[in-house]
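Hi,

Here is the structure I said I'd pass on to you. Have a look at it first, then read my notes below.

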Amino acid sequence: MHAPAPYDARTQFWLGIRLFFPVAISIAAYGVVWGVLAGQAGLSVLEVALMSGLVFAGASQFVALDMWTPGSLPVLSIIIATAIVNLRMVLMSATLRPLVGHLPLPQALGTMFFVSDEQWAMTMAEVRKGNASVAFFLGTGVLSWFAWMASTLVGRVLGAFIDDPARYGLDFAFTATFLALLFGMWRGRGDLIPWLVAALAAIVTSRLIEGNWYIIVGGLVGSFAGALIETAKERRHVA
Amino acid sequence: MSLEALITILGMAAVTYAIRAGGLLLANRLPATGFVTSWLKHVPGAVLASLVAPAVLTGGPAEAIAAAATALIYFVTRNLFATMAGGVLAVYLARLVLGG
């Protein structure tokens, strides 16, 4: 992948923002809820801004609120829980190497700050179509960050006026988005077995282990199945 | 803000960023050949399938119906926003009707 021209980069950045906009609305709905809960858990406005701005990882922030007891914070437990909840992102940022590989390492590492489920998924869907770039990835990332930051602050400041998003079916917005992105990644029969293996492994794991380990286990098992099948086929072709 | 809270938030930020950067550093150390390339190529689909499978297949009838509607809308429109909005509407109506 070669570095895009400046004009091209600007177009790509705005394309990322435009395509990500509907997803950002769903993220903001959850951000508002998180902000309300953060207020109830005793976080100040400054603490909300710092956590949303620097941690920028919704699932782990919800878990942290559950453990938040001002005055005697279980500091280490919260940090460890955060690491466990966010461990799935290792898989995500690993797949971004082809996208950021041409950048100097510090810059490439800098862009990794934005990695999150939805914007990574959308970027990879564009990569599969062959037209994603770092600028596209950054566009979705920046919008995602602003949506999360602004909505959590709004929730914290406005307080109790907000309803549970699940009442309006908004919890399904992420599932529907991930489904659409997954369908868009379909490249032929070679995808069928890895996806089925991943889905099966995820379902079994979600039944056996609490938390979001099912994403990691399903992602690893499914992708290894795909790679094994593919390399076995190639070897047969050579032989 | 207490020092305790500040340390907690900075600690959360540090481990989360280390994980985000770690995946890229890990990939940089892996050889860019056959099996590894093929493996990384299959990760996005496998992760997405894992993200949705438990919600769709073990969520309940309302979620299953909404997932089917979502798929239908996607293949008809090929539009992400229409699919997302349609899925949300479908799950809302299905829960209303089924009382879920």
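Below is what I found, going from chain A to the place where the chains meet.

One thing to keep in mind: this is a predicted model.

Let's start with chain A. It has 12 helices and 0 strands, so if you walk along from the N terminus, you meet one α element after another. How compact is chain A for its length? Its radius of gyration is 19 Å, close to the 18 Å that the globule rule gives for 239 residues, so chain A is as compact as a globular protein of that length. If you'd like to picture the dimensions, the C-alpha atoms fill a box of roughly 65 × 50 × 35 Å along the principal axes. Of the 239 residues in chain A, 50% count as buried. Contacts that reach far along the sequence turn up a lot too: taking pairs at least 6 apart in sequence, 77% of the contacts in chain A join residues at least 24 apart.

Chain A also splits into two domains: domain 1 covers 6-185 and domain 2 covers 186-239. Their C-alpha centres lie 25 Å apart. Where they touch, domain 1 of chain A gives 9 residues and domain 2 of chain A gives 7 residues. On the domain 1 side of that contact you'll find 7 nonpolar residues, no polar ones and 2 charged ones.

Now for the contact between the two chains. Chain B puts in 58 residues and chain A puts in 70 residues. On the chain B side, helix 1, helix 2 (34-57), helix 3 (61-77) and helix 4 (80-98) each supply at least two residues. Which helix of chain B gives the largest share? That's helix 2 of chain B, with 21 residues. By type, the chain B side divides into 40 nonpolar, 15 polar and 3 charged residues.

Finally, here's one residue to click on: A13(B), which lies in helix 1 (residues 3-29) of chain B. Is A13(B) buried or exposed? A residue needs 20 or more other C-beta atoms within 10 Å to be called buried, and A13(B) has 20 C-beta neighbours inside 10 Å, so A13(B) counts as buried. Leaving out residues up to four places away in sequence, A13(B) touches L54(A) and V55(A), both of which carry the chain A label. For a sense of distance within chain B, try A13(B) and F35(B): they are 22 residues apart in sequence and 33 Å apart in space, C-alpha to C-alpha.

Enjoy exploring!

Definitions and conventions: Residues are numbered from 1 along each chain as its sequence is written. Chains are lettered from A and ligands numbered from 1 in the order in which they are written. This is a predicted model: local features need pLDDT of at least 70, side-chain atom pairs count only at pLDDT 80 or more; totals for chains, interfaces and linings use all residues. Helices (H or I, at least four residues) and strands (E, at least two) are DSSP runs, numbered from the N terminus. The radius of gyration is taken over C-alpha atoms; the globule rule is 2.2 Å times the number of residues to the power 0.38. A residue is buried if 20 or more other C-beta atoms lie within 10 Å of its own, exposed if 12 or fewer, and partly exposed in between; C-beta atoms are placed from the backbone. Ala, Val, Leu, Ile, Met, Phe, Trp, Tyr, Cys and Pro count as nonpolar, Asp, Glu, Lys and Arg as charged, and the others, Gly among them, as polar. Domain bounds come from an automatic or database domain assignment.
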